[in-house]
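Trainee: I've got a new model open and I'd like to talk it through with you. Could you put it up on the screen?

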2 protein chains.
Amino acid sequence: MAEDTETCPWSELDADGSSLVVHDFLTKRLSTLMSTLRREVTLPYARSADLSIAEWRLLSLAAHSGSLPFGELVTQSTSDKAQVSRTARLLEQRGLVELRPETEASRKKLVCVVTEAGMRVYDEIIRNARRAQAQTLLILSRDERETLFRALEKLQSALGD
Amino acid sequence: MAEDTETCPWSELDADGSSLVVHDFLTKRLSTLMSTLRREVTLPYARSADLSIAEWRLLSLAAHSGSLPFGELVTQSTSDKAQVSRTARLLEQRGLVELRPETEASRKKLVCVVTEAGMRVYDEIIRNARRAQAQTLLILSRDERETLFRALEKLQSALGD
DNA sequence: CTGATTTTGTTGCATCGTCAACAAAGTGAG
DNA sequence: CTCACTTTGTTGACGATGCAACAAAATCAG
């Protein structure tokens, strides 16, 4: 084993897995990268529309399909329902989304509908964000990009989504 | 363009980057995975030693080399110096690390030295964590693992470390 | 050595995220 | 219909996190 420990220590693992040498854990690496991305990419874009990161995440989730049930918002966001509730209400106060009953008969179950104003904000940011991300991803080869996303996907579903 | 949009929409980007179709942004994917990993992997292990995630991160950083200057702790952790300061003091109160002046002459610059007790806690957790991570990584092919880590590394340094 | 400048760690504060308790609404067996 | 049970969104409380002001110490030019 370990023919290329220098350059790829993480590849050094066997079926048992106990010989993994990685001090540089996947979790650490991901968390470092995430924190950099938040600071350098997401935060600036969110701030350009005077949104917090949580607000931006919610708006973009809902805006992608125009509207989303409250429950879906909770499921798809990383946050819990408390955070989603408060953030959604903030977005509502600013006229970017509307929270209304799912059906006429019901009064409790809510849908989050993005307003015209919300859509404008979303479109504006998402365009820049797309370009910035694409620019960043260009430092990876096409194969690396594909493998990266596929690997992340696999890990996600292996961990029980 | 878009020969394989179905399976790999993210690979669809050109030099300008404007044609990137990714709704599924890298940031979103990473943040989802991170949050799952924290919940399913890191948190349980940290809790098994009654540590918060921040405490575990600090302890593992210092324990890897036995001791680490305070400044290095700040640099290598994702957190800022305030957080590091408070967390380190907590670890000190619990006898897992010792914070002492870097040299005899100095009184301010600190080194974080992991105690015997701290090392025992670290060793216990790290062993399990390694095994768990290795187990998870087994769902990726060797090539995918290598590419994944290399890609993450590249992105990190491209974003100005 | 001395005074000015920079580093370094601490503290206060505002924000964010999570947990748990709660109330209102929906659901279903009888 | 009705009573018990579940689901859903809100609220309060607390810990974690990040920012910025601050004081003590280190550094350095002269």
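Trainee: Which base atom of DNA strand C does the side chain of Arg86(A) reach, and at what distance?

Mentor: Some ground rules before that one: this is a predicted model, where local features need pLDDT of at least 70 and side-chain atom pairs count only at pLDDT 80 or more, while totals for chains, interfaces and linings use all residues. Residues are numbered from 1 along each chain as its sequence is written, chains are lettered from A and ligands numbered from 1 in the order in which they are written, and side-chain values use heavy atoms, with hydrogens and water left out. A polar contact is a pair of N or O atoms within 3.5 Å; within protein, one must be able to donate a hydrogen and the other to accept it, and residues adjacent in sequence count only if both atoms are side-chain atoms. For Arg86(A), an N or O atom of the side chain pairs with a base oxygen of DNA strand C, at 3.1 Å.

Trainee: And which atom of DNA strand C does Gln83(A) go for, and how far away?

Mentor: Gln83(A) is listed among the closest of the 21 residues that surround DNA strand C, where near means a heavy atom within 4 Å. An N or O atom of the Gln83(A) side chain pairs with a phosphate oxygen of that strand, at 2.6 Å.

Trainee: What distance separates Arg89(B) from a phosphate oxygen of DNA strand C?

Mentor: Arg89(B) is also in that closest group, along with Phe70(B), Lys81(B) and Ser85(B). A polar atom of the Arg89(B) side chain sits from the phosphate oxygen at 2.3 Å.

Trainee: Which helix gives the most to the surface near DNA strand C?

Mentor: Helices here are DSSP runs of H or I with at least four residues, strands are E runs of at least two, and both are numbered from the N terminus. Both chains are involved: α2 (53–65) and α4 of chain A, with α3 (70–76) and α4 of chain B, each supply at least two residues. The biggest giver, with 5 residues, is α4(B).

Trainee: How many charged residues are on that surface near DNA strand C?

Mentor: The classes put Ala, Val, Leu, Ile, Met, Phe, Trp, Tyr, Cys and Pro as nonpolar, Asp, Glu, Lys and Arg as charged, and the others, Gly among them, as polar. On that basis the surface has 5 nonpolar and 6 polar residues, and the charged ones number 10.

Trainee: Over to DNA strand D: which helix gives the most to the surface near it?

Mentor: Here α3 and α4 of chain A, together with α4 (81–93) of chain B, each supply at least two residues. Among the residues that come nearest are Ser85(A), Arg86(A) and Arg89(A). The top contributor, with 5 residues, is α4(A).

Trainee: Which residue has a polar side-chain atom 3.4 Å from a base oxygen of DNA strand D?

Mentor: Set aside the phosphate pairs: Ser85(A) lies 2.4 Å from a phosphate oxygen, and Gln83(B) lies 2.9 Å from one. The residue paired with the base oxygen is Lys108(A).

Trainee: Is Ser77(A) buried or exposed?

Mentor: Ser77(A) is in the loop between α3 (70–76) and α4 (81–93) of chain A. Its side chain pairs with the backbone oxygen of Val74(A) at 3.4 Å and with the backbone nitrogen of Ser79(A), also at 3.4 Å. Beyond four places in sequence, Ser77(A) is in contact (heavy atoms within 4.5 Å) with Leu58(A), Leu61(A) and Val84(A). Buried means under 20% relative accessible area, exposed over 50% and partly exposed in between, with a 1.4 Å probe and protein chains only, so at 6% Ser77(A) is buried.

Trainee: Where is the kink in α1(A) centred?

Mentor: Helix α1(A), residues 26–48, has 23 residues and spans 32 Å from first to last C-alpha, close to the 33 Å expected at 1.5 Å a residue, taken as 1.5 Å times one less than the number of residues. The bend at a residue is the angle between axes fitted to the seven residues ending there and the seven starting there. In α1(A) the kink is about 45 degrees, centred on Arg38(A).

Trainee: Last one: what is the relative accessible area of Leu159(B)?

Mentor: Leu159(B) is in the segment after α6 of chain B. It touches chain A residues, including Leu33(A), Leu37(A) and Thr136(A). Leu159(B) counts as buried, at 15%.
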